[in-house]
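Welcome, and please open the structure in your viewer before reading on. We will go from stop to stop, with something to select at each one.

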Amino acid sequence: MTNNRELWRSVALRFILPFAFILLAATPAPARQDVWKTWKPVDQSLLALKSPVVEKDADAEAIFWEVQVEPKDDKAIFTNYIRIKIFTDRGKESRSTVEIPYAGKDKIENIVGRTIKADGAIVDLKSDTILERTVVKTGDIKVRVISFVFPAVEAGAIIEYRWREVRNDMFFLHLELQLDIPVQSLKYSIKSQSDSVFTPRVKTFNGQAIFFTKEKDNYFSTTMTNVPAYREEPFMPPAAQVRRWMLVYQLPDLMSFNLNTVYHEIFKSLLNVNDDVQKTATAIVADATTPEQKLDRLLDFCRTKIKNIYSETPETFASNQAKIKENKSSSDVLKRRTGTGLDINLLFCALARAVGFDARVALVADRSQFFFDPKTEDALLGAYFMRTHKIAVRASDRWRFFDPGNKYLPTGMLRWQEEGQNAMILGRFSETYQFTPMSPPERSLQKRTAKLRLSEDGTLEGDVSIEYSGHFATGKRETNEKASPQEHEKMLRDMLKEQMSTAELSNIRVENLTESSKPLIYSFHVRVPGYAQRTGRRLILQLAFFQRGLSPRFTSSQRNHSIYFHFPWLEDDDVTIDLPVGFALDNADGPASFNASTVCKYEVKTLVTDDKRTLIYKRRFLFGAGGVIFFPSEAYQQLKSVFDTLHSRDNHSIALKQSQ
């Protein structure tokens, strides 16, 4: 067996290509390829251009963005060429640095660029300034960024660059139709998979339909003009949900294609319950009596006894990769005690079947990418969007969903990207649709405790503990599983320094980094000079220590996009502050609690011990009750008001007065 992306490739090769056009064209590459190896002439009128054409207030504007797409072997080659005019100093600051992200086994190569100054002088981009870094790693998927800085950029200049992107997916082409700046002309040229007359199938999202025109050399093209900029806003839906783009799939109309049938055929042999699987499953459940107990034991076995090959360090994985044999069945996974996340999931499914459960593979889309509903789209689009494979088990008259291959998930939870999604549960003859449950706020908890002492000069010092559970913990564990203790310390210091620039941390400890059944805990000693403001004989003290220095969540007065939070959550803070000798409360009024419908609840209590020497501050903030995490743009002002109120009350301060 293999990972999710490679599994789709095997599906396509086995079931689609026999009915599709042969991908590799027999004709040689056309002469047009030379265009992508040279710079286009720059007209003097372009150098003299003083103002943008598409959007009058734009600081920079793309004169053109041209993309040529060709098949090669089993990949798609995207050759990009973009020319940008800089109009203002803000445009210079925002466009001087370019970042090109890519993921998985895709590649970025052949980057060339240059700056054309207003006087026509040309300064080439130096290859040794092109840098690469990994920004996100989840399981076997890495997101990398290629970045480079253009030289000699100034208002009035032109920057242009070309690059080639090698995508490891030849069946579906995701084509962006907007940049984060306006574009005067955007053109896509796509080489067909065959020499016969063939028009690519196109699905346009978030805009009017796009049509291609047949050109020579078996290319199809489409051109757009005066394309407005795509602008991000905080806490918005994924880009593909709001940004204009199109999906091109160069396949004929497969009237008989059925995603359920295809996957059921592939998984049938992989889920075979032989004697080894049967004996192992029976031994695991042993004396367990309830369905929940049995499933919990099977889940624990798969997570603790089967090693996910992608959990190794990159160096260890690279050295062992040649020795790893592909698992052809769940029995192979059981014997070798190693596999991919998908291997482990399928083993769990086979074990559950062995002890009598109705266990099936479930296809789920990733809502961090797109809000896909399989019931409203055709099967081929389902094959594109639903590339994560979970296990659905019928127990106690309901479907429960599992992802044993992810060792960091608490029992009963999926990754937030897969919760609240319409899953396709595969069956022998037909599929079943069922929404994956959204975990309630209490499952994703930030529990924070601080025991602090305030000095008369305003310094605050003491011990702090921050506990993460649920989606908070899973995200941090997935992202930081390979981080060294020194890297964990740096991340914690950077986080607190961003809020309180004078904070000094020591005795940092990280607990339960790999134990999904326990909260992930960061504990440390902190000293914050100048935390309380000294004014004469008074100290002005903010009680909400963990919210100190945080900016308002929403700052814009207007909103274009909907508002979207990843998951419901709960914050639970407990802060005690010992007062300095000689100081007493002058104004001890605390902030008031409030509710916002049933979705949001803010509770705060401010107490003082009987001896008047210690303040106790308790704060509890819950958001997303009932799974409500999506709000239309029309609700922005109300939502902003809620979070503005929260921010104001978190910044509430009290006064301490020094006695005579």
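Is Lys 618 buried, exposed or partly exposed? Select Lys 618 and look at its surroundings: with a relative accessible area of 34%, it is partly exposed, because buried would need under 20% and exposed over 50%. Keep in mind throughout that this is a predicted model.

**Stop 1: strands 29 and 33**

Keep Lys 618 selected and add Asp 574. These two form a salt bridge, with the closest N and O atoms 2.9 Å apart. Lys 618 belongs to strand 33 and Asp 574 to strand 29, so their pairing ties together parts that lie 44 residues apart in sequence. Asp 574 is partly exposed too, with a relative accessible area of 24%.

Now select Arg 619 and Asp 573. Their side chains also meet in a salt bridge, at 3.4 Å from N to O. This pair links distant parts of the chain, with Arg 619 in strand 33 (residues 614-623) and Asp 573 in strand 29, 46 residues apart. Here both partners are buried.

Next, select Asp 572 together with Lys 447. A salt bridge joins them, and the closest N and O atoms are 4.0 Å apart. Lys 447 sits in strand 22 (residues 445-454) and Asp 572 in strand 29 (residues 569-578), so this pair ties together parts 125 residues apart in sequence. Lys 447 is partly exposed at 32% relative accessible area, and Asp 572 is partly exposed at 21%.

As background, side chains of opposite charge can pair when their charged atoms come close. How many salt bridges does a search of the whole structure find? The count is 37.

**Stop 2: the nonpolar cores**

Hide the charged residues and select Val 526, Leu 541, Phe 545, Phe 565 and Phe 623. These residues have the most contacts inside the largest nonpolar core, which has 60 residues. Centre the view on Phe 545 and ask which residues it is in contact with, leaving aside neighbours within four places in sequence. They are Ala 450, Leu 452, Leu 460, Val 464, Met 500, Val 526, Val 528, Tyr 531 and Val 575.

Then move on to Tyr 263, Leu 295, Cys 349 and Met 386. They are among the 55 residues of a second, separate core.

**Stop 3: a polar residue in helix 12**

Select residues 470-480, which make up helix 12, and pick out Asn 480. Asn 480 is buried, with a relative accessible area of 10%. Show what surrounds this side chain: apart from neighbours within four places in sequence, Asn 480 is in contact with His 488, Met 491, Leu 513 and Tyr 522.

**Stop 4: an open sheet**

Finally, select strands 9, 14 and 11. In that order they make an open sheet of 3 strands with antiparallel pairing. Strand 9 (173-176) and strand 11 (201-205) stand at the edges with a single partner strand each, so one side of each has no neighbour in the sheet. On average, neighbouring strands of this sheet are turned by 20 degrees against each other, direction ignored.

Zoom in on strand 9 and strand 14 (residues 245-249), which pair in the antiparallel sense over 4 bridges. Which residue of strand 14 stands opposite Leu 175? Select Met 246 to see the partner.

Key: Residues numbered from 1 in each chain as written. Predicted model: local features only at pLDDT ≥ 70, side-chain atom pairs only at ≥ 80, totals over all residues. Heavy atoms only, no water. Core = buried A, V, L, I, M, F, W, Y, C linked by side-chain atoms within 4.5 Å. Buried < 20%, exposed > 50% of the residue type's maximum accessible area, 1.4 Å probe, protein only. Contact = heavy atoms within 4.5 Å. Pairing = 2+ DSSP bridges. Helix = DSSP H or I, 4+ residues; strand = E, 2+ residues; numbered from the N terminus. Axes fitted to C-alpha atoms, helices over the stretch in contact; angles between N-to-C directions.
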